[in-house]
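Pull the model up in your viewer and keep the sequence alongside. We'll take it a piece at a time.

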Amino acid sequence: MALVNIKINGQTTQVEEGKTVLEVLKEMGIDVPVLCYHPKLPSIGACRMCVVETRPGVLQASCTLPVSEGLEVQTDSETVKKARKFVLNLIFSERNHYCMYCEMSSNCELQDLGYSLGMDHFELPTYMTKFPVDTTHEYILVDHNRCILCRRCVRACSEIAGHNVLGISQRGIDSMLTADLNVPLGESSCVSCGLCVQVCPTGALTDKSGAYLGTRRESELVKTICANCSVGCGIEVYKKANNIVQILGDWENPVNNGVLCKLGRYEPLSDGRERVTQPMIKKNGRLEPVKWEEAIDRVKEILAEGETAGYISASLPIEVLSKFKDLLGDNAGLLENTSNPIGNSGKLSDILSADKIVVIGVDLDKNFGVVGSFVKRAIFNDSELIIVDDKANSLSKFARLLYQMKDLDKAIGNALTGNNPVIIYSQTDSSIIDSLSRISGKAKFIWLAPAPNYLGAKKVGLNGNLISKKNIYIVAPYIDKLPEGINKVILQTSYYTPVIESADIILPSSIWLEEEGTYINLEGVEQRLTRVLTPPKGVRSNIEILSSLLGR
Amino acid sequence: MKKITIATDWLDGCSGCHMSILDMDERLVELIKMGVELNATPITDFKEPTEEVDIGILEGAVSTDHHIEVVKNMRNKCKILVAIGDCAVFGGIVTMRNYFPVEELLRRGYIETESTVDGKIPTSPEIGKHTKLVKAVNQIVKVDFYIPGCPPRADAIYYVLRELVEGRKPLLVGDLLRYD
């Protein structure tokens, strides 16, 4: 990279061409106030907080100003200081920015700037217009009174998440954040990925589910991964008193780069399902609460007979899966009964460089939101989307071509006319596998594995083969179906469902947010799940239960 | 020892800022030992400054014609005017009523409240008449120093008074400058 000479506050320095002045100043540790700028978003120079003086009296936004040979910059002159304070006053005067009744007070970048620039009163009268508050969305609250029109949310929604829901309507003082063609957010094409909330610098976009639970700054931050599906996104969980306050996407995680879907960001906060919190044994036809020791002893007795087939869900960490295999040996199997001889030959990032993308039989917006994000971003970079599905598909409106399942080979044929085709699929029906096998090596396959740690389970040597035995021992956080005609059913589970009534022994286990261990995502990336919450009283971790059954 | 006289008053506020003044606790005594004398406050016998004072302190937003009088009177009677709390400084929570016409505000408050039976809007001349818009004190008269906060920390009030008593210009930074 070529170097250019620039002068910062009188000091000559060599910097790389292609950088912006703001980037250079940040690297040099020079403090520049910013509002619309976000390191992960393209800069637009909307707010003018980051202005610097390039010639006496000439102010330019440093976030969009590229460095160039001979450029002179003043970052702390009286003109700059005055301009920044004036801009701040303008922003505060434009809508309602009274902190004392704002949920985001003490968690707000506008407030931070007020403090750091020493703003102790308003120099301009406030614009007393009441703006609407949009409460229609299930998870996101839009308070236009708090909006500073920085457009971070708009850029995040379009350029990072790829959903293109948010925009700005009108101009000047009438500018308004808008969803689709000016419909309430709850009725818009929003897929609830929540990235807009993550980047909002004020209280304009907030999470409903975390309201009044506490602010991020007074919470403890745990970096972990989401174990809701096989994508394995990096998440940042803010917790206070064993409660989740907010979940943000981890910008540094290479799998998702900050983007999340509804499941990862909001499901853990709105999970209202009833938990099983005490071990139970069926006595006289009814499940009766018992002590852990009694339940463990009873399970040991049954296992000792050697007549028990074990099934574990591949949603659990490798350590748990492997302990289960230690306990049951060849009698251990996977609940997710799938076999896939083709598997995966691509990374999610390959989607972004693909010129043709085929999505077979899966609605990405509904089930693999982050993969949907990758696909939508690729489409806006001119990739062609081909959807093969017999059902309605949320991504159909973005597709260049739509095929029925019976025409799968035609769709694949079309994809192969591209230079970098990527094929995304989840089902493993023989018809799909056969078609894909024939083109092996000619396209990258991304298989959306059916469980968060499916590849981890394979590594441990667990298979979905059906094992027939007298008794059955199932380890899964959630069970909605039990096989019939079994002598004794041992159930190690987290959530109460009506079907657990027909089990003989219940061992209450922790959910993924209370677990820790290793996961392998659909790309084959090994990641660490860190424990976020302490399980409720009476509940034990899967590893603890399996260890006591192994007598260790 | 030179006497430094202070008068305080409240406008459309919740008295929380005056609670913060009291929260200075033993530091109030310290200030008094330094020569501070409270001339008039809402909680002393004299409600209005009886003479010209050195420092005038106002809490609350300007919401009625009476408040305008109080503000102007305080400005005339004091050398240094300090606005304390978000309402006096910015307009604060009281400005929420700027979103509604005064008639609607009074109707909702005195007649339509859920627990009210046969409510009536008071008309006594002793009660101030609402202005169309709630304003911050500096929209009516010149203010010399501001202590925002809802309420401002006792530490911030003490710091400002101490600086003024000792003849310096206070500048709120760090934890002393808060809007909530």
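Start where the two chains meet: 17 residues of chain A and 21 residues of chain B take part in the contact. On the chain A side, the residues that touch chain B sort into eight nonpolar, seven polar and two charged. Bear in mind that you're looking at a predicted model here.

Now zoom out to chain A as a whole. Its C-alpha atoms fit in a box of roughly 90 × 55 × 45 Å along the principal axes, and its secondary structure amounts to 15 helices and 27 strands. Of the 552 residues in chain A, 48% are buried. If you take the contacts in chain A with a separation of 6 or more, 64% of them join residues 24 or more positions apart.

Helix H12 of chain A, residues 408-415, is a nice place to see burial at work. Which of its residues are buried? They are A:Leu408, A:Ala411, A:Ile412 and A:Ala415. Look down the axis of H12(A) and these buried residues fall within an arc of 95 degrees, so they line one face of the helix. The general background is handy here: an α-helix has 3.6 residues a turn, so residues three or four places apart point the same way. And what do the buried residues of H12(A) pack against? In chain A, their partners are the strands E18 (356-360), E19 (384-388), E20 (401-403) and E21 (421-425), along with helix H13 (430-438).

Next, a pair of helices. In chain A, the axes of H8 (residues 318-328) and H15 (residues 542-549) come within 9 Å of each other and cross at roughly 20 degrees. An angle under 35 degrees counts as roughly parallel, so that is how H8(A) runs relative to H15(A). The crossing itself is left-handed. H8(A) brings A:Glu319, A:Val320, A:Lys323, A:Phe324 and A:Leu327 to the contact, while H15(A) brings A:Asn542, A:Ile543, A:Leu546, A:Ser547 and A:Leu549. Sorted by class, this helix-helix contact has six nonpolar, two polar and two charged residues.

Last stop: A:Ile44, which sits in the loop between helix H1 (21-27) and strand E3 (51-55) of chain A. Why does A:Ile44 count as partly exposed? Because it has 16 C-beta neighbours inside 10 Å, whereas a buried residue needs 20 or more. Setting aside neighbours within four places in sequence, A:Ile44 is in contact with A:Cys36, A:Thr64 and A:Arg151. The C-alpha atoms of A:Ile44 and A:Cys63 are 7.6 Å apart, with the two residues 19 residues apart along the chain.

Technical notes: Residues numbered from 1 in each chain as written. Chains lettered and ligands numbered in written order. Predicted model: local features only at pLDDT ≥ 70, side-chain atom pairs only at ≥ 80, totals over all residues. Axes fitted to C-alpha atoms, helices over the stretch in contact; angles between N-to-C directions. Helix = DSSP H or I, 4+ residues; strand = E, 2+ residues; numbered from the N terminus. Parallel < 35°, antiparallel > 145°, perpendicular 65-115°, else oblique. Left-handed = near helix turned anticlockwise from the far one by under 90°. Contact = placed C-beta atoms within 7 Å. Nonpolar A, V, L, I, M, F, W, Y, C, P; charged D, E, K, R; others polar. Buried ≥ 20, exposed ≤ 12 C-beta atoms within 10 Å, placed from the backbone. Arc of directions from axis to C-beta.
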